[in-house]
Structure formats: C-alpha cells, structure tokens
Amino acid sequence: MSAYTLLQLVEVVVFSAVLLYGVLSRRPSIAVLGGGFLIGKAVLNILAPEGGSVYRRSLIGYGLGGLYTLLGIAAVHFLT
C-alpha cells in the first residue's frame with residue numbers, strides 16, 4: 001500500500017469521526033463540517049480519471065466541500 005493511499009484512508013477515518021461526533025453529540029454544524037470534508041475527499045477522487053494535479057483536484061473538491069459546509073451551517077442556523 002502506498003503512502004498516499006494510507007494517507008487517504010486515514011483522512012476518511014478522521015473525517016468520518018468528525019461526522020459521527022456531530023451526529024452523536026447532536027451538533028448539526030459539526031456533522032455538516034464532517035460531511036463537507038467527506039464531499040471534498042470524494043470529489044478529489046472522482047476527478048482522478050480526468051487527470052490534473054492533486055493540488056488542482058484538491059482545490060476543486062475541498063472548495064465544493066467548503067461551499068456545502070457554509071450553506072449547511074447557514075441552513076442549520078436559520079431553520080432550527
């Protein structure tokens with residue numbers, strides 16, 4: 001297993017732990033943050049067959065994850 005693959009697996013475990021903590025502690029903003037991290041990681045890997053550098057794919061993926069997080073936290077604030 002390459003170091004990059006191991007790093008990705010560790011990131012997924014950490015991001016999932018953030019999501020689970022948010023759900024179990026009934027803190028929706030933390031759960032949304034964990035979901036945003038996982039969306040960023042997913043998009044980064046979905047874009048891999050398209051090519052491009054890891055840096056470029058990370059910017060796109062975590063940019064979308066950040067947008068999701070901002071909109072989700074705003075929704076939590078205004079709807080609860």
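What follows is a short walk through the fold, the helices and a few side chains of a predicted model.

Starting with the overall picture, the protein chain has 3 helices and 0 strands, so reading from the N terminus the order is simply α-α-α. Along the principal axes, the C-alpha atoms fill a box of roughly 40 × 25 × 15 Å. Of the 80 residues, 24% count as buried. The accessible surface comes to about 5,400 Å², and carbon and sulfur atoms account for 75% of that. As for how the chain meets itself, 46% of the contacts between residues at least 6 apart in sequence join residues at least 24 apart.

Helix α3 takes up residues 54-79. Does its length add up, or is it off? At 1.5 Å a residue, its 26 residues should span 38 Å, and the end C-alpha atoms sit 36 Å apart, which agrees. The buried residues of α3 are Arg57, Ser58, Gly61, Gly65, Thr69, Gly72 and Val76. Part of what covers them is α2, residues 28-46.

Helices α1 and α2 are linked by a ring pair. The count of aromatic pairs comes to 1. In this pair, Phe15 and Phe37 are stacked, with 4.7 Å centre to centre and 20° between the planes. The stacked label follows because planes under 30 degrees apart count as such. The pair bridges distant parts of the chain, with Phe15 in helix α1 and Phe37 in helix α2, 22 residues apart. The two rings are not covered alike: Phe15 has 11% relative accessibility and so counts as buried, whereas Phe37, at 30%, counts as partly exposed.

Ile30 is another residue of helix α2. Its relative accessibility is 29%, so Ile30 counts as partly exposed. Which residues does Ile30 touch, leaving aside neighbours within four places in sequence? The contacts are Val18, Tyr21 and Gly22. For Val18, which lies 12 residues away along the chain, the C-alpha separation from Ile30 is 6.9 Å.

Finally, the surface near the start of the chain. Met1, Leu6, Leu9, Val10 and Val14 make a nonpolar surface patch of about 510 Å². Met1 belongs to the segment before α1, the helix of residues 3-24. With a relative accessible area of 78%, Met1 is exposed, because the cut-off for that class is over 50%.

Definitions and conventions: Residues numbered from 1 in each chain as written. Predicted model: local features only at pLDDT ≥ 70, side-chain atom pairs only at ≥ 80, totals over all residues. Heavy atoms only, no water. Helix = DSSP H or I, 4+ residues; strand = E, 2+ residues; numbered from the N terminus. Expected span 1.5 Å × (residues − 1). Buried < 20%, exposed > 50% of the residue type's maximum accessible area, 1.4 Å probe, protein only. Contact = heavy atoms within 4.5 Å. Patch = residues over 30% accessible without salt bridge, like charges linked within 9 Å, V, L, I, M, F, W, Y side chains within 5 Å. Areas by Shrake-Rupley, 256 points an atom, 1.4 Å probe, with all protein chains shown as cover. Salt bridge = Lys/Arg side-chain N within 4 Å of Asp/Glu carboxyl O. Phe/Tyr/Trp six-rings, centres within 6.5 Å; stacked < 30°, edge-to-face > 60°.
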